[in-house]
Amino acid sequence: MIYSLLASARLLACASLTLAGLSVLPQANAQESFPTKSIRLVVPFAPGGVTDTSGRLIAESLAKRLGQQVYVENKPGASGNIGTAQVANAEPDGYTLVLGFDGTMVINPHVFDKIPFDTLKDFAPVGKIGNAILILVANPALPAKTLQEVVALSKQQNGGLSYGTSGIGGTPHIAGELLNQQSGAKLLHVPYKGGGQALIDVQGGTIPLVYTAVAGAYQLVKTGRVIPIAVSSAQRASSMPEVPTFIEAGLKDFVVDSWVGIFAPAKTPAAVVTRLNNELNQVLKDPEVIAKLNTLGITAAPGSPEKFREEIKNDLNRYGAVVKAAGIRID
């Protein structure tokens, strides 16, 4: 009798171990076998911009590591909402991904009355690609060359000082409104249909200030056609080490970077997300890729999906408060 009970216990233990092993195998096999076909990376913007260019660079490098084609498909419209929503509704198998940037993923949910996706519920973050540093620049004739002088002048001017950006609800717009809220400045937003025209107008004196990406302003700063006021990153930009940060200029904790990353649909197998994240991180450690991203004004930022998700949560809360206080809406 005792022997029979012992034998039964051993059989149950073996069965449990076998089942536990089987539950691990699918995850391991999914990571090892993925991918077995081409991967589609949806870029929710038109070809040619910084976001599109960075996406194509990463897609090409990922393809080499994964052994499968990673092709870019541009799906522009509604400030990135159309292409992003398409991926939210795609099969969660890792073969359809979206290039997401902060404007679409953490600002659009607050500035649009209706948006066809939920950033936290509908997506599995794969990993951040990097941060694009933003800069405030001025027309050389503006009688203010430092952040403190700009803030003071804006308070003295009737109606304040105008600053141009690439459009309503973009990260530069949010950065400008946050600057108003934290410094008491009176800066009036002038939205353009692209950062290029805003930079042309600040050179010509049509507007006194522009908030834009470092990459777009680099040549203008170097040739003296615009005056740099400050960059809104945590550290100075490597391409413009002479330009102070907003923190150095006196605004505590003022950091607003524009980030770009890769997302998969929610419920994509964890093993697939892990494989994609591992390969993305290896790509972002490649000196050639780092150098090419730098030319686009993007600093590579490899990391885990969990860390990226936490940043997204924080940005949703932080930018939501800025948007609400500034009353920014896109109908």
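1. In helix α7, the buried residues (under 20% relative accessible area with a 1.4 Å probe, protein chains only) are T171, P172, H173, I174, A175, G176, E177, L178, L179, N180 and S183. That makes 11 of the 13 residues of α7 buried, so the helix is largely enclosed by the rest of the structure.

2. Before going on: this is a predicted model, where local features need pLDDT of at least 70, side-chain atom pairs count only at pLDDT 80 or more, and totals for chains, interfaces and linings use all residues. Residues are numbered from 1 along each chain as its sequence is written, and side-chain values use heavy atoms, with hydrogens and water left out.

3. The length of α7 (residues 171–183) checks out: its end C-alpha atoms are 18 Å apart, which agrees with the 18 Å that 13 residues should span at 1.5 Å a residue. The expected span is 1.5 Å times one less than the number of residues. After α7 comes G184, with a positive phi near 80°.

4. Strand β1 (residues 39–43) has five of its five residues buried, so it too is largely enclosed by the rest of the structure. Both faces are covered, with I39, L41 and V43 on one side and R40 and V42 on the other. Helices (H or I, at least four residues) and strands (E, at least two) are DSSP runs, numbered from the N terminus.

5. Who are the partners? β1 pairs (at least two DSSP bridges) in the parallel sense with β2 (residues 70–74) over five bridges, and I39 stands opposite V70. β1 also pairs in the parallel sense with β3 (residues 96–101), over three bridges; here R40 stands opposite T96.

Notes:
Buried < 20%, exposed > 50% of the residue type's maximum accessible area, 1.4 Å probe, protein only.
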